[in-house]
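Me: I'd like a close look at one part of this model, the empty space inside the protein and what surrounds it. Could you walk me through it in one go?

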Amino acid sequence: MNGFKTTLIACQHCGRRIMVRAADAARGSITCSHVGCGAVNSLQSAFQYDEAIVQGLPEFGKLTYLNKPEITYPLQFGPNVIGTGDSCTVQVERFVHNGRCFISRRHGTLTVTFDKWSGRLRYQLQDGALDESRQHLQPSLNGTLLNGIPLQKMELIDVENEGVITLGGADRFRLAHFSIPAAMLTTYKVDLAFNPDRTE
Ligand SMILES: [Zn+2]
């Protein structure tokens with residue numbers, strides 16, 4: 001608690017201001033001094049990470065085609081539309097099984113976002129993609145599975161590192177998260193005052 005400055009917070013119970021000193025912060029709680037209250041307020045010091053970190057990242061993870069692991073596809077920040085069509089962020093080959101390709105032109109969407117609380121990239125999968133007008137979510141023809149379990153229509157689901165995405169029942173891709181180096185994260189750490197949801 002070096003350099004701790006006395007600060008005012010709003011009591012979580014009565015809403016009136018109470019003064020927090022270094023000793024209170026070190027203890028992790030403060031008892032409201034206002035008459036008739038006396039509530040114990042916990043002082044969780046909190047932090048998050050600045051989203052600007054995203055601009056400096058060298059990559060955002062990748063998909064490996066498990067039927068032929070030498071084929072990999074890099075991901076971008078934001079929505080990645082996966083499919084065989086030209087308009088896709090991740091344009092995959094037309095993998096043919098018994099004369100047929102089971103992957104739709106715009107088959108599924110894998111969205112990469114930054115979670116400012118954990119400092120990690122988050123990967124969320126949805127079957128289908130927005131159509132060219134960006135108005136309607138068009139489901140794929142043959143469906144999408146995560147770790148062997150079919151995604152429901154409109155379902156948006158987190159994909160863990162090494163999660164396996166199956167497109168159209170025949171083609172499997174393994175997701176590799178990009179994990180942000182700890183040394184880099186530290187430089188983007190933003191300290192918040194106590195209780196980020198406090199009412200001023
Ligand atoms: Zn109070």
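How many cavities of 30 Å³ or more does the structure hold? And which residues line the largest cavity?

Reply: Happy to. A word on conventions comes before the walk. This is a predicted model, so local features need pLDDT of at least 70 and side-chain atom pairs count only at pLDDT 80 or more, while totals for chains, interfaces and linings use all residues. Residues are numbered from 1 along each chain as its sequence is written, and side-chain values use heavy atoms, with hydrogens and water left out.

The structure has 1 cavity of 30 Å³ or more. The space in the largest cavity comes to about 40 Å³. Its lining consists of Asp 127, Leu 137, Pro 139, Lys 153 and Met 154. A cavity here is a set of points, on a 1 Å grid over the protein atoms alone, where a 1.4 Å probe fits but cannot get out, and lining residues have an atom within 4 Å of a point. The volume is the space filled by probe spheres set on those points, which are joined across faces, edges and corners.

Asp 127 is a good place to start. Strand 13 spans residues 120–127 and is mostly covered, with 6 of its 8 residues buried. Buried stands for under 20% relative accessible area, exposed for over 50%, and partly exposed for the range in between (1.4 Å probe, protein chains only). Strands are DSSP runs of E with at least two residues, numbered from the N terminus, and two of them pair if DSSP finds at least two bridges between them.

Strand 13 belongs to an open sheet of 5 strands, ordered 9-8-12-13-18 with mixed pairing. Strand 9 (90–91) and strand 18 are at the edges; each has a single partner strand, so one side of each has no neighbour in the sheet. On one side, strand 13 runs antiparallel to strand 12 (residues 108–115), and 8 bridges join the two. Asp 115 faces Arg 120 of strand 13 across this pairing. The hairpin of strand 12 and strand 13 has 4 residues between the strands, and Gly 119 there has a positive phi near 75 degrees. On the other side, 3 bridges link strand 13 to strand 18 (residues 156–158), again antiparallel. Here Leu 125 has Ile 157 as its bridge partner. Further along the sheet, strand 8 (residues 78–83) is joined to strand 12 by 5 bridges in the antiparallel sense, with Val 81 opposite Thr 109.

Asp 127 also leads to a histidine. His 107 touches Asp 127, and its other contacts beyond four places in sequence include Ile 82, Gly 83, Phe 102, Gly 128 and Leu 167; contact means heavy atoms within 4.5 Å. His 107 sits in the loop between strand 11 and strand 12. With a relative accessible area of 0%, His 107 is buried. Its side chain comes within 2.9 Å of the backbone nitrogen of Ser 104, and a polar contact of 3.4 Å links it to the side chain of Thr 144. A polar contact is a pair of N or O atoms within 3.5 Å; within protein, one must be able to donate a hydrogen and the other to accept it, and residues adjacent in sequence count only if both atoms are side-chain atoms.

Thr 144 takes us on to another sheet, as strand 16 covers residues 144–146. Strand 16 is part of an open sheet of 6 strands, in the order 7-6-20-19-16-17 with antiparallel pairing. At its edges are strand 7 (72–74) and strand 17 (149–150), each paired on one side only. Strand 6 (residues 62–65) and strand 7 share 3 bridges in the antiparallel sense, and Thr 64 is opposite Thr 72. Between strand 16 and strand 17 lies a loop that holds Asn 147. Asn 147 is not a glycine, yet its phi is positive at about 50 degrees. Asn 147 is partly exposed, at 39% relative accessibility.

As for the wider setting, the domain assignment, which is automatic or from a database, gives domain 1 (1–44) and domain 2 (53–182). The centres of domain 1 and domain 2, taken over C-alpha atoms, are 46 Å apart.

Conventions
1 Å grid on protein atoms, 1.4 Å probe; cavity = no way out; pocket = protein on both sides within 12 Å on 5 of 7 lines; lining within 4 Å.
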